[in-house]
Amino acid sequence: MELWLLWSKSALLLFIGYALYGTPHDDSFRPAYMLVLLLYTCLSFGLPPLRRIKMASLALSALSAALAVYGALELHPLFLLLVVPNLYEAASGLGAANWQTAVVLAAGAWLLPAQDRPTYALAAALCFMLYISTCKLNARLALREEERDKLQEDARRLTRALTDNEEYARQAEYTIKLEERGRLSQQIHDEIGHSMAGALIQMEAARRLLDTNRTKAEELLGNAIVISKEGLERIRLTLKQSKPPAEQLGIGRLQLFVDELSAKQDIRATLNYAGDLDTITQLQWRIIQANVTEAVTNSLKYSGAESIAVEVLVLNKFVKAVVRDDGRGADRVVKGLGIVGMEERAATEGGTIIVDGSRGFSVTTLLPVRVGS
């Protein structure tokens, strides 16, 4: 708004100066014209620093308007044109409606001679249109700033929520681990600790009866051996039940890897699997995990791909793990250390690697299915 007012006043000052000095007039008034123009310029350009002090700003604007009215009444009617931006300035400061400003401007036209009214009307109309346009632009700017502030507040709120969720996830993971440790401890105490205590009591009694009643001592030792075997069997069963199946660990790690890839990289990653995953051994899962990681790393470095697909398929004779991207591919595949390392890992289990750069880039790891695994 301030910039618009300054431009309007500058344009009117130039026009009035040209009209007064560019056309024949009484030379005796020329110094007075210049004095009024200079004073009005000083008052107008002294306003912006006082914008934040509303009363001082309005007082200075009223003083410049009074100077323009004085010049119009005492020197030349054209000075009344300078009142136009002052009226808009006052309307903006007092929050007057547009129609109220227009009425005041129209009333000012009656103070001018008839021949100067068209010029006044043109100046007032141009200033009015610029004033309306500036008000609309300011309103849009205020709306954009409000939207920006809201978006910043939303971003801060989401950041706090994300931080809270990460902390909650860490706490949940820690709590789950504690609960699992507590469950194992309780299970060992209830099912194995009692058995071991019973066996120990039997063996202690057998030791005391060994010299006096050897038959009873042997019977007690036999009971202790049976109890100990049962305890060992329970330990084995507890560990077996607590240990997750190999296929769950393997596919779970791959799923976690793919999810982290999608979350941390600007790329779409998917995982699909089919077949009997139970047939994949622990060593084969480690090979698949390492080769998938190596192939994905190469895709991120060189392919420029937008998506990466990981597949694990268990066929009749082979376990097939494929990493395929939709990047630029390669006309001729040159085996670097990464591909050689994948081949060496697969070879340790009797497998092989197939690399294809024709449609995107794909790395296929083939491992033989172990019968009875």
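Before you click on anything, one term: a residue is called buried when its relative accessible area is under 20%, exposed when that area is over 50%, and partly exposed in between (1.4 Å probe, protein chains only). What you have open is a predicted model, in which local features need pLDDT of at least 70 and side-chain atom pairs count only at pLDDT 80 or more, while totals for chains, interfaces and linings use all residues. Residues are numbered from 1 along each chain as its sequence is written, and side-chain values use heavy atoms, with hydrogens and water left out.

**Stop 1: Ser-299**

Select Ser-299, which sits in helix α9. Helices (H or I, at least four residues) and strands (E, at least two) are DSSP runs here, numbered from the N terminus. Is Ser-299 buried or exposed? Ser-299 is buried, because its relative accessible area is 7%. Now show its surroundings, with contact meaning heavy atoms within 4.5 Å. Skipping neighbours within four places in sequence, Ser-299 touches Gly-304, Ile-308 and Asp-325.

**Stop 2: the sheet**

Next, colour the strands. There are five in an open sheet with mixed pairing, and the order across is β1-β2-β3-β5-β4. Two strands count as paired if DSSP finds at least two bridges between them. Which strands stand at the edges? Those are β1 (268–274) and β4 (352–356); each has a single partner strand, so one side of each has no neighbour in the sheet. On average, neighbouring strands of this sheet are turned by 10 degrees against each other, direction ignored. For angles in general, axes are lines fitted to C-alpha atoms (for helices, over the stretch in contact), and values run from 0 to 180 degrees between N-to-C directions.

Keep the sheet on screen and bring back helix α9, residues 282–302. This helix packs on the sheet, touching β2, β3, β4 and β5 (361–368), and its direction makes about 15 degrees with that of β3. Then add helix α10 (residues 337–347), which lies across β4 and β5 and runs at about 150 degrees to β4.

**Stop 3: strand by strand**

Strands of a sheet pair through backbone hydrogen bonds, either parallel or antiparallel. Select β1 and β2 to see a parallel pair with seven bridges. Here Leu-271 faces Val-310 in β2, and Asn-272 stands opposite Glu-311 in β2. To get from β1 to β2 the chain goes through α9, and this β-α-β crossover is left-handed. As for the term, a crossover is right-handed if, with the strands pointing away from the viewer, the path from the first strand over the helix to the second runs clockwise.

Now move on to β2 (residues 307–314) and β3 (residues 318–325), which pair in the antiparallel sense over seven bridges. How many residues does the hairpin from β2 to β3 pass through? The hairpin joins them through three residues. Glu-311 turns up again, this time opposite Val-322 in β3, and Val-312 has Ala-321 in β3 as its bridge partner.

Over in β5, pick Ser-362. At 10% relative accessibility this residue counts as buried. Apart from neighbours within four places in sequence, Ser-362 is in contact with Val-323, Arg-324, Ile-354, Val-355 and Asp-356.

**Stop 4: a loop**

Select Asp-266, in the loop between α8 (246–264) and β1. With 81% relative accessibility, Asp-266 counts as exposed. Try a distance to Leu-300: the two are 34 residues apart in sequence and 9.8 Å apart in space, C-alpha to C-alpha.

**Stop 5: helices earlier in the chain**

Jump to helix α2, residues 30–45. Its buried residues are Tyr-33, Val-36, Leu-37, Tyr-40, Leu-43 and Ser-44. Seen down the axis of α2, they fall within an arc of 130 degrees, so they line one face of the helix; the arc is that of the directions from the helix axis to the C-beta atoms. Rotate to the other side of α2 and you meet Pro-31, Leu-35 and Cys-42, which are exposed.

Helix α6 spans residues 117–209 and holds Ala-124. Ala-124 is buried at 9% relative accessibility and, leaving aside neighbours within four places in sequence, contacts Val-84 and Tyr-88.

Finish with helix α7, residues 214–242. Ala-217, Leu-220, Ala-224, Gly-231 and Thr-238 are buried in α7, and the buried residues of this helix pack against α6.

How values were computed
The expected span of a helix is 1.5 Å times one less than its number of residues.
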